[in-house]
Amino acid sequence: MLSPIKCPPFANQGSKAREPRRAFTLVELLVVIAIIGVLVALLLPAVQAARAAAWKTSCKNNLKQLGLALHGYHDSHKVFPPMRGGPDGLSWMGSSWHRGGDFAGTVQMLPYLDQHAMYDSVHWNAAIPPFVSAFEPWATQLEVLHCPADSAPSPRMNNCGYSNYAFCVGTTAKDNFWGSTNGLFGWISYKRMADIQDGSSQTIAMAEKVMGRPGSREILGLGAILTTDVSVNPRACWDTATGRNYKPGISISPMERGATWAMGHPFWAATTTILPPNGPSCYNRTSRAFSGDANPSWDWGVFTPTSRHRGGCQVVMADGSVRFVSDTIDTGDLTPANHGVWGALGTIAGGEVIPDW
């Protein structure tokens, strides 16, 4: 009779007993967390720089499209659109809005920005001012008018769309009518390429402007209210600010410069080359006899190009090229007689010899 075969116990089948796993100590865990924190700290500036570069490139592309639209308009009409006006060249008369006389040039540029349907819906003959929020075109935010580096204020003024770009009126800071600016654009002003005697590559057509933040004292996107004639004394505007903010006691408009993209009044549609980029803006409270409140609608002044890009702002030249202008560009001595290289770039027929900038 065969004896039964006995199997050895499972634990004794020749395998080694497993050693218990050792866990991370608290010190090791803290070291790992510290290393990850250092890596994140090193990586974050690079991510932010890449994002800023992408925003700047997108903004540059917007300006290129606006430059192409200006040339498209000029090719069709043999003139550039006005900063402010309407298709029949008429303006506000009495208590009625006459055929869009207060519309910004961007309204007339709509067909050249691939916005034919919006242009056809404007109804030039209707009494619809360019700040009426109930009118769909004015409430529409056009992406080509928005620089992604700048966030739109909330709520939007009158619920209207905003714009980060304005038309250059040169060094004109006085209440001038019927196109009497030394820049490429003005009120009911239809200038031609032939009028740019200083050369289209040396003349600014449009520049950036920050939209503005309601309730802020930040100089970007807002304007100081002065009784001083800044066309005679630009330094008075420069002295309203310290660093990036208006000084305490300086009255500030409750409206933002980026508001109402369709409005052609200078505060919203114009930019000057008087103070350096990212400097303060000011408008004259005495420039119109019937302007007695903080509404800048009827006032001219110093409307400085501003941006959220570090160190300067971008502009599109009259030849359609886009350039970056440093905050430190030569602005002369801040008198009407000397606006330096910056002032020369804003005028169309100053006859200046402009050095490399």
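This passage walks through several local features of a predicted model, beginning with one histidine and the strands beside it.

A good place to start is His-309, which sits in the loop between strand S10 (301-302) and strand S11 (312-317). Is this residue buried or exposed? His-309 counts as buried because its relative accessibility is 7%, below the 20% cut-off for that class. Its side chain makes a polar contact with the side chain of Glu-208, at 3.1 Å. Leaving out residues up to four places away in sequence, His-309 also touches a varied set of residues, including Trp-55, Lys-56, Cys-59, Cys-147 and Ala-149. Asn-278, Gln-314 and Phe-324 are further members of that set.

From this loop the chain can be followed into S11. This strand is mostly covered, with 6 of its 6 residues buried. S11 pairs with strand S4 (residues 204-208) in the antiparallel sense, over 3 bridges. Within this pairing, Val-316 in S11 stands opposite Met-206. S11 also pairs with strand S12 (residues 322-326), again in the antiparallel sense, and here there are 5 bridges. Val-315 has Arg-323 in S12 as its bridge partner. S11 and S12 form a hairpin with 4 residues between the strands, and in this hairpin Gly-320 takes a positive phi near 95°.

Another glycine to visit is Gly-340, found in helix H7 (residues 340-346). Gly-340 and Asp-330 are 10 residues apart in sequence, while their C-alpha atoms are 5.3 Å apart in space. Beyond its neighbours within four places in sequence, Gly-340 is in contact with Asp-330, Thr-331 and Gly-332.

The cysteines come next. A disulfide is a covalent bond between the sulfur atoms of two cysteines. How many disulfides does the model contain? The count comes to 1, and the bond joins Cys-237 to Cys-282 with an S to S distance of 2.1 Å. Distant parts of the chain are linked by this pair: Cys-237 belongs to helix H5 (residues 234-238) and Cys-282 to strand S9 (residues 282-284), 45 residues apart. The disulfide is right-handed, because the torsion about its S-S bond is about 90°. Both Cys-237 and Cys-282 are buried.

Cys-147, by contrast, is in no disulfide; the nearest cysteine sulfur, that of Cys-59, is 3.3 Å away. Cys-147 has a relative accessible area of 2% and is therefore buried. This cysteine has already appeared above, among the residues touched by His-309. Why does Cys-313 form no bond with Cys-59? The closest cysteine sulfur to that of Cys-313 is the one in Cys-59, and the 9.2 Å between them is too far for a bond. Cys-313 is buried too, with a relative accessible area of 0%.

Finally, the empty space inside the model can be considered. Rolling a probe the size of a water molecule over the atoms shows where such space is left. A search of the whole structure finds 2 cavities of 30 Å³ or more, and the largest cavity holds about 50 Å³ of space. Which residues line the largest cavity? The lining consists of Ala-104, Thr-106, Ser-163, Tyr-165, Phe-167, Lys-209, Thr-260, Trp-261, Met-263, Trp-268 and Ala-269. Strand S3 (165-168) and helix H6 (266-269) each supply at least two residues of this lining.

How values were computed: Residues are numbered from 1 along each chain as its sequence is written. This is a predicted model: local features need pLDDT of at least 70, side-chain atom pairs count only at pLDDT 80 or more; totals for chains, interfaces and linings use all residues. Side-chain values use heavy atoms; hydrogens and water are left out. Buried means under 20% relative accessible area, exposed over 50%, partly exposed in between (1.4 Å probe, protein chains only). A polar contact is a pair of N or O atoms within 3.5 Å; within protein, one must be able to donate a hydrogen and the other to accept it, and residues adjacent in sequence count only if both atoms are side-chain atoms. Contact means heavy atoms within 4.5 Å. Two strands pair if DSSP finds at least two bridges between them. A disulfide is a pair of cysteine sulfur atoms within 2.5 Å. On a 1 Å grid over the protein atoms alone, a cavity is a set of points where a 1.4 Å probe fits but cannot get out, and a pocket is an open set with protein on both sides within 12 Å along at least five of seven lines; lining residues have an atom within 4 Å of a point. Grid points are joined across faces, edges and corners, and a volume is the space filled by probe spheres set on the points.
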